[in-house]
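Biologist: Got a minute to go through this one with me? I'd like to start with the pockets and then look at the surface.

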Amino acid sequence: GIYRPKFGLRFNADQWVGEGGTVAFIAQSGTHLSYFSTMGPIHGLKVSKSVSYGNAIILDSPDYLDYFVQDPDTQAIAMYIEGVKNGRRFLDSLKAASLKMPVVIWKGGLTEEGTHATSAHTAALAESPTLWRTLIHQCNAIQVSNLEEIIDTLKALLYMKPVTGYRFGLVSLSGGQSVAITDAFATEGIKVPRLSQSSIDELSQIFTLIGGSYRNPFDISAFTLSVENLNKLLNVLDRDENIDAIALELSTMFLSRRLEREPQFLDALVQALVDFKARSSKGVIGIVIAGAKEALSLEFRGRLVAGNIPSYPSFARSAQTMRRVVDYQRRRAGMEG
């Protein structure tokens, strides 16, 4: 059915009603729409208008694409789709929508077994996975594999400044984590470049304690984590011409110790990141590693959501999302690679 939170129109009692959002969701599954519409607000993603349309007896996905791309409340479109009845019309509608706003597509039934399931669910016909990948790429839409990837991708697109370069500054809170974050990002083809000499010289005056590293990736385990020191580090990365974006580990295992002494530090840390985002032209994300502090991590992520700072629960998910989003932004900007 139709979900329109601003008017209180919903088909699930758990769905948010009240202020509408900026994301339209087109789903060939009521459950997937229910999940997105209830999970999304936790991540700062509220629905503008949305619909689950089942087996498309009356209206099909191109009809909804054509509608939402003209909707003044919608800034991005997400889709869960199992099949289409008119491939040419879908191609034309998707291409037109993608020219105006990001379109993120989860295509269900790309495996042989999944095809059998979609046939039983909505009578969708089998289609080549290669054909779908090619179609989505040609239209400059973004293909994902599950609901988590839809949410991860939309967070970056809506709340991170556009990034068209693969050179990231990686900041971790321990030596082992500096290796782990580097492996995760490098696996996705993201570069971890050497900083300019002027940045290295400046950081050498800040990192005065033995231990840690002020070379990219950064291990700041021996670096007194304060708002002042964090701002110094972020400002250096902001000025460095070799860095396109910044990923900052925010492990709650380490932060919990600091918060026991200074409960107000969490607010100060989040405000520092919000202020940095406002003054910087570069994208920034947080990676909130829970460890054994899941409750604190949920609170921390909520504070970041309130500040419009995208965050992710693991190095792998953040790296995969950044590769997906940078690829998209580069295509949108007409850049090669």
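**Pocket and surface**

Modeller: Sure. This is a predicted model, and its largest pocket has a volume of about 320 Å³.

Biologist: Which elements give two or more residues to the lining of the largest pocket?

Modeller: The lining has 15 residues, and those nearest the centre are Ile42, His43, Lys155, Leu298 and Arg301. The elements that put in two or more residues are helix H6 (147-159), helix H12 (294-306) and strand E11 (311-312).

Biologist: And how many residues of that lining are charged?

Modeller: Let's split the lining by type. There are 7 nonpolar and 3 polar residues, and the charged ones number 5.

Biologist: On to the surface. Is leucine 9 buried, partly exposed or exposed?

Modeller: Leucine 9 sits in the loop between strand E1 (2-3) and strand E2 (23-27). Its relative accessibility is 43%, and exposed would need over 50% while buried means under 20%, so leucine 9 counts as partly exposed.

Biologist: How much accessible area does the nonpolar patch with Leu9 have together?

Modeller: Leu9 shares that surface patch with Ile2 and Phe7. Together, the accessible area of Ile2, Phe7 and Leu9 is about 340 Å².

Biologist: What about tyrosine 35: how far apart in space are tyrosine 35 and aspartate 14?

Modeller: Tyrosine 35 is in helix H1 (residues 30-39), and with a relative accessible area of 47% it is partly exposed. In sequence, tyrosine 35 and aspartate 14 are 21 residues apart. In space, C-alpha to C-alpha, tyrosine 35 and aspartate 14 are apart by 9.6 Å.

Methods
Residues are numbered from 1 along each chain as its sequence is written. This is a predicted model: local features need pLDDT of at least 70, side-chain atom pairs count only at pLDDT 80 or more; totals for chains, interfaces and linings use all residues. Side-chain values use heavy atoms; hydrogens and water are left out. On a 1 Å grid over the protein atoms alone, a cavity is a set of points where a 1.4 Å probe fits but cannot get out, and a pocket is an open set with protein on both sides within 12 Å along at least five of seven lines; lining residues have an atom within 4 Å of a point. Grid points are joined across faces, edges and corners, and a volume is the space filled by probe spheres set on the points. Helices (H or I, at least four residues) and strands (E, at least two) are DSSP runs, numbered from the N terminus. Ala, Val, Leu, Ile, Met, Phe, Trp, Tyr, Cys and Pro count as nonpolar, Asp, Glu, Lys and Arg as charged, and the others, Gly among them, as polar. Patches are made of residues with over 30% relative accessible area and no salt bridge: like charges are joined within 9 Å, nonpolar side chains (Val, Leu, Ile, Met, Phe, Trp, Tyr) within 5 Å. Accessible areas come from the Shrake-Rupley method with a 1.4 Å probe; for residues, only the protein chains shown count as cover. A salt bridge is a side-chain nitrogen of Lys or Arg within 4 Å of a carboxyl oxygen of Asp or Glu. Buried means under 20% relative accessible area, exposed over 50%, partly exposed in between (1.4 Å probe, protein chains only).
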